[in-house]
Amino acid sequence: MIDFCGIELRHPVINGSGTFDALAARRAFGDSLLDEFPFSAFVSKTITPEPRAGNPPPRLWETPSGLINSIGLPNKGLDGFLADDLPQLAELPVPLIVSVMGTSHDQFALLVEGVGRREEVAAIELNVSCPNVKSGLIVGESPDEARSLLETMRPLTEKPLLVKLTPNVADPVPVAEAAAEGGADSISLINTLRASALAPETGEPWLGGGTGGLSGPAVRAVALAQVNAVASTVSVPVVAMGGISNGRHAAEMIGAGASLVAVGTESFRDPAAGSRIAEELAREPARISG
Ligand code: RRO
């Protein structure tokens, strides 16, 4: 068993937020999904205070070594999530981490308090890839914004707070340090890299949302560098993600200082990737940190 922020996990492989729909998977695979659940904790798709329809299609573009998504945060909103999804997610055989995003401290506070008072929830991940409408700054791009958000959220719940960093910065280390100083219990990285795709016939943006985020094998080397830099600096545990598709990739992230790894894009190709990578990781020789 692994202790992650006081939460007991069977192995170090979890899912990246928004990359595995556990409720749809249960409908597709039945209760066998619960017997062989691929992840040691489940991270929900990010929720917002109000329901959102998400971006118009098309929402995906495949590149030679990665996937660009422009999903646009479709979700039922806090009340819909608490009423409809949470009771079902609580039936999963692993601890639940709920991902939340707001555009102001008030919105984040509503989400952290609403989710934080539910005993089904083990931890909360703050997705900070969104602007604070007051300052106009992307919270995850600004150390001051990140510190201030964490200082405001920290007193609102006793649950562990993870902060999911964007890689779309010159250096994620000052943001990670500020989040940890503000009271974050863990840093997870990376979210997707900003990316575009053009329709071959017209040269116009392909994605309904305009631009999107790149994930998959193409981003793994970027993720490894950022994980190494952040994990060498902060003292809180780091959750590493970005293009991990086998046990060796996971071992490299752990060698770079990560406590847990998350699998995202690979689960679209192989829904059982989490279990496979956990098994492969257990057979990997330990790597030298740094
Ligand atoms: O919903 C999305 O389009 C989305 C989100 Br919230 C995110 O954090 N990262 C991403 O690649 N897509």
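These legends go with a set of close-up views of a predicted model.

**View 1. The whole open sheet, strand by strand.**
Here we have 8 strands in an open sheet, paired in parallel and ordered E3-E14-E13-E10-E9-E8-E7-E4. The edges belong to strand E3 (13-15) and strand E4 (42-43); each has a single partner strand, so one side of each has no neighbour in the sheet. The views that follow pick out parts of this sheet, then a loop and the ligand.

**View 2. The E3 edge, where E3 meets E14.**
E3 and E14 run parallel and are joined by 3 bridges. To get your bearings, find Val-13: its bridge partner in E14 is Val-261. E3 has a single partner strand, so one of its sides is left open in the sheet.

**View 3. Strand E10 and its side chains.**
E10 covers residues 186-189, and its side chains alternate: Ser-186 and Ser-188 point one way, while Ile-187 and Leu-189 point the other way. So which of these four are buried, and which are exposed? All of them are buried, the two serines included.

**View 4. E10 between its two partners, E9 and E13.**
On one side, E10 pairs in the parallel sense with strand E9 (residues 161-164) over 3 bridges. Look for Leu-162 there, standing opposite Ser-186 of E10. On the E13 side, the pairing with E10 is also parallel and takes in 3 bridges. Ile-187 has Val-238 as its bridge partner in E13, and Ser-188 stands opposite Val-239 of that strand.

**View 5. The crossover from E9 to E10.**
Follow the chain from E9 through helix H6 (residues 173-182) to E10, and you trace a right-handed β-α-β unit. The two strands of this unit are parallel partners, with 3 bridges between them.

**View 6. Strand E13, its side chains and its crossover to E14.**
E13 (residues 238-241) sends Val-238 and Ala-240 one way and Val-239 and Met-241 the other, with all four buried. Strand E14 (residues 260-263) pairs with E13 in the parallel sense, again over 3 bridges. Val-239 turns up here too, standing opposite Leu-260 of E14. Helix H8 (residues 247-255) completes the picture: together with E13 and E14 it makes a right-handed β-α-β unit.

**View 7. Thr-157, in the loop leading to E9.**
Thr-157 is found in the loop between helix H5 (143-153) and E9. Why does a loop residue like Thr-157 count as buried? Its relative accessible area is 8%, and the cut-off for buried is under 20%. A polar atom of the Thr-157 side chain lies 3.0 Å from the backbone nitrogen of Lys-159.

**View 8. The ligand and its surroundings.**
Lys-45, Asn-69, Ile-71, Gly-72, Leu-73, Asn-127, Asn-191 and Thr-192 surround the ligand. By type, this shell splits into 2 nonpolar, 5 polar and 1 charged.

**View 9. Zooming in on the ligand's oxygen atoms.**
What part of Asn-69 lies 2.8 Å from an oxygen atom of the ligand? It's a polar side-chain atom. Gly-72 uses its backbone instead, with an N or O atom 2.8 Å from a ligand oxygen. Leu-73 also has a backbone N or O atom by a ligand oxygen, at 2.9 Å. As for cover, the ligand taken alone exposes 320 Å², and the protein buries 81% of that.

Methods. Residues numbered from 1 in each chain as written. Predicted model: local features only at pLDDT ≥ 70, side-chain atom pairs only at ≥ 80, totals over all residues. Heavy atoms only, no water. Buried < 20%, exposed > 50% of the residue type's maximum accessible area, 1.4 Å probe, protein only. Pairing = 2+ DSSP bridges. Right-handed = clockwise from strand over helix to strand, strands pointing away. Near = heavy atom within 4 Å. Polar contact = N/O pair within 3.5 Å; in protein donor to acceptor, adjacent residues only side chain to side chain. Areas by Shrake-Rupley, 256 points an atom, 1.4 Å probe, with all protein chains shown as cover. Nonpolar A, V, L, I, M, F, W, Y, C, P; charged D, E, K, R; others polar.
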